[in-house]
Amino acid sequence: MKKNATEINELGEFGLIERITQGFEQHHSSTILGIGDDAAIIDHENDVMVVTTDMLIEGVHFDLSYTPLKHLGYKAVVVNLSDVYAMNAKATHITVSIGISSRFSVEDIEELYEGIKHACRIYRVDLVGGDTVASQSGLVLSITAIGHAAKEKISRRSGAQENDLICVTGDLGSAYLGLKLLMREKEVLATAPHLKPKFDGYEYLLERQLKPEPRKDIVQKLEEHQIVPTAMIDISDGLSSELLHICKNSNKGCRIYDEKIPIHPQTMKLCDEFRLDPVVAALNGGEDYELLFTIRPSDYEKISGILDISIIGHIVSNPKHHEIVFRDGTTFPIMAQGWNAFRKES
């Protein structure tokens, strides 16, 4: 615990809630009532509401030895917003529930909430409630994000059609390499604490892991160009897993090309150090929080006018056909080898 830190039991549950939720702005007139009652009140007009929840558990989803609490708070919010954007919807509200062990001080939780507040400010969402409880197993965060969209603009995983183009935003594999780098330096420091971590030249990868940004900008661009994806999902568990989700839900197959997959130069360089195939990192790494979506072939010209989108393949009719085509013409079946929360350790 930090020096001069305030123990949480000095404030109590409601005193803590009052303290850490001060200064949150409301960005939407639909927020009739936020924090302070048994439930939030949100006005619901003539569109559809989308709701998503993610839970982050210390030791499973994050390691506080290299994750600053402020970054954790920010990331916990934006990974939920990413799911809303993956529905082609606008995020408007969040609730935050936390389980706190006795080793955390009030100041620690304030630091966590500074990150949450910053994400709310950047992405213009309102914090409208949640819960705060004691935890016997470290820090637990559960965030629910709420959004809305016109019915005809919602993009599900199940709408991909034969010959639709497969698109991804940004670059892939960088968050996974950022995690590999953090884990490597943690192991080095455990045996040689006098050494300085070797992060120079890989700042982009660290930011992609510790402070990802969801693609609200792409959803806005799609609307500006009058493109409604036929199917969409965010890339949290790896390109391979997410692409197979779309195929399964749409009862279709896919063909993608390795040379079309966008990979950042820093990812390429660090893959060389780790002796990893960058395409494998992009397929299976996860936590990129980019968008993977399909569009009609007739939208090709429109999509070409949007920066930071790559067309990596197309949808095929056979639901059992999922392949990646390499530069030399060889093909390989796409397997779901991304993050699996309940995979048994080998």
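Visitor: Which residues in H2 meet which residues in H3?

Guide: In this predicted model, Leu69, Lys70, Leu72, Gly73, Tyr74, Val77, Val78, Leu81 and Tyr85 of H2 meet Asp108, Glu111, Leu112, Glu114, Gly115, Ile116, His118, Ala119, Ile122 and Tyr123 of H3. By class, this contact has twelve nonpolar, three polar and four charged residues.

Visitor: How do H2 and H3 cross, and what is the handedness of the crossing?

Guide: The axes of helix H2 (residues 69–85) and helix H3 (residues 106–123) cross at roughly 35° and come within 6 Å. The crossing of H2 past H3 is right-handed.

Visitor: Why is H4 called oblique to H8?

Guide: The axes of helix H4 (residues 174–191) and helix H8 (residues 265–274) cross at roughly 45° and come within 10 Å. An angle under 35 degrees would count as roughly parallel, and 65 to 115 as roughly perpendicular. The crossing angle fits neither class, and H4 is therefore oblique to H8.

Visitor: Is that crossing of H4 and H8 left-handed or right-handed, and what makes the contact?

Guide: H4 and H8 cross in a left-handed manner. From H4, the contact is made by Ser174, Leu177, Lys180, Leu181 and Arg184; from H8, by Thr267, Leu270, Cys271, Glu273 and Phe274. Five of the residues in this contact are nonpolar, two are polar and three are charged.

Visitor: Why are H5 and H8 called roughly perpendicular to each other?

Guide: Helix H5 (residues 203–210) packs with H8 at an angle of about 100°, the axes being 8 Å apart. Angles of 65 to 115 degrees count as roughly perpendicular, so H5 and H8 receive that description.

Visitor: What makes the contact of H5 with H8?

Guide: Glu203, Tyr204 and Leu205 of H5 make the contact with Gln266, Thr267 and Leu270 of H8. Three nonpolar residues, two polar residues and one charged residue form this contact of H5 with H8.

Visitor: How many cavities of 30 Å³ or more does a search of the whole structure find?

Guide: The search finds one such cavity. The volume of the largest cavity is about 40 Å³, which lies above the cut-off of 30 Å³.

Visitor: Which residues line the largest cavity, and how do they divide by class?

Guide: The lining consists of Gly23, Phe24, Glu25, His27, Lys117, Cys120 and Arg121. Two of these lining residues are nonpolar, two are polar and three are charged.

Note on methods: Residues numbered from 1 in each chain as written. Predicted model: local features only at pLDDT ≥ 70, side-chain atom pairs only at ≥ 80, totals over all residues. Heavy atoms only, no water. 1 Å grid on protein atoms, 1.4 Å probe; cavity = no way out; pocket = protein on both sides within 12 Å on 5 of 7 lines; lining within 4 Å. Points joined across faces, edges and corners; volume = space filled by probe spheres on them. Nonpolar A, V, L, I, M, F, W, Y, C, P; charged D, E, K, R; others polar. Axes fitted to C-alpha atoms, helices over the stretch in contact; angles between N-to-C directions. Helix = DSSP H or I, 4+ residues; strand = E, 2+ residues; numbered from the N terminus. Parallel < 35°, antiparallel > 145°, perpendicular 65-115°, else oblique. Left-handed = near helix turned anticlockwise from the far one by under 90°. Contact = heavy atoms within 4.5 Å.
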